[in-house]
Amino acid sequence: MAKPIEPIRIGIDVSKAELVIARSDSKSLEKIANTPRAISRWLKTLPCGTPLAFEATGAYHRTLASLAHQAGFALYLLDGYRLNRYRDGIGNRAKTDPADARLILRYLSKELSELKPWVPPHEAFYRIQSLLRRRASLVHTRVALTQSLGDIPELKNASRRLSNNIKDIERLIERRLKEAMAEVGWRPDAQRCKAIEGIGDLTSVALANTFHRGEFKSSDAFIAYLGMDVRVRDSGKQVGRRKLTKKGDPELRRLLYNAAMSARRTKAWAGQYETSYLSQGLKTTQALVKLARKLARIAFALMKNQSTYRPQVPVTCCAVP
């Protein structure tokens, strides 16, 4: 009886200049340029449907992901944090491009049944996400410059002019965000989110953009994608410290945290923040994170059901005789 042919699996380490490729049917590595032409030519040499795994690397993996998906390959985008823990778990000390390509191939081969294929987002997703991140960088830079130069009398005027110029760019980005959301028809969802107490323009745009990233089966899946789910580490009678997984976009988590800070001062959420969160013994940061998670769940439900937000009924404290 002929031995069945095992399907080829491929692990790819992606960098700005090149791709380092490890194949399950070969001990040697292959290197190609990270360009559309080189990638397209290489993909034509593979059997259709071959599973390809690679680590998310900012924007460097997008050309490979787009071309491979169009060609019908099964793609698996690996989380960098999980891959690093896997490297430590198997005792691999090397951290080089060839070693990473082999590590990704090993991870794919061992965990393929547990992995979910990568689905490309709408082309507007990355554009909107990039605008949000660039605005956040501008705000950070403006605040740093103001604090650094503002207390020097001879530089105060120049600092003010520079700050105003940066604010002009911030406002331009905000207009571009609104235009981009309108072009793809996501603005109604952003308006639904904005109706929630504490959520402003930028947070509503970020929530709507993330919602349209993919199909989320439940609010739990949405929260997990945001990185606001809790990692539990208990053993026996020992209860470990709870921490957020922080796997999602850090800028959206920052915006949600700021939204929670605003929401706690509103009549709708002040009572719940004080009586339900702080009275449980939660610290301020923990209470704000919990409130931010609550706001994100409400936003998800509004967009999922295409419903209109109903303002929260303020929670009042009952007097104790």
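Biologist: In which helix do Glu179 and Arg176 both lie?

Modeller: This is a predicted model, where local features need pLDDT of at least 70, side-chain atom pairs count only at pLDDT 80 or more, and totals for chains, interfaces and linings use all residues. Residues are numbered from 1 along each chain as its sequence is written, and side-chain values use heavy atoms, with hydrogens and water left out. Helices are DSSP runs (H or I, at least four residues), numbered from the N terminus. Glu179 and Arg176 are 3 residues apart, about one turn of the helix, and both lie in helix H6.

Biologist: How far apart, N to O, are the side chains of Glu179 and Arg176 in their salt bridge?

Modeller: A salt bridge is a side-chain nitrogen of Lys or Arg within 4 Å of a carboxyl oxygen of Asp or Glu. The side chains of Glu179 and Arg176 meet in one, and the N to O value is 3.5 Å.

Biologist: Is Asp100 buried or exposed?

Modeller: Buried means under 20% relative accessible area, exposed over 50%, and partly exposed in between (1.4 Å probe, protein chains only). The relative accessible area of Asp100 is 2%, so Asp100 is buried.

Biologist: Which residue forms a salt bridge with Asp100 from helix H3?

Modeller: Asp100 is in helix H4 (residues 97-111), and its partner, 13 residues apart, is in helix H3 (residues 80-89). The closest N and O atoms are 2.7 Å apart, and the partner is Arg87.

Biologist: Is Lys95 buried or exposed?

Modeller: Lys95 also forms a salt bridge with Asp100. The relative accessibility of Lys95 is 54%, so Lys95 counts as exposed.

How values were computed
Helix = DSSP H or I, 4+ residues; strand = E, 2+ residues; numbered from the N terminus.
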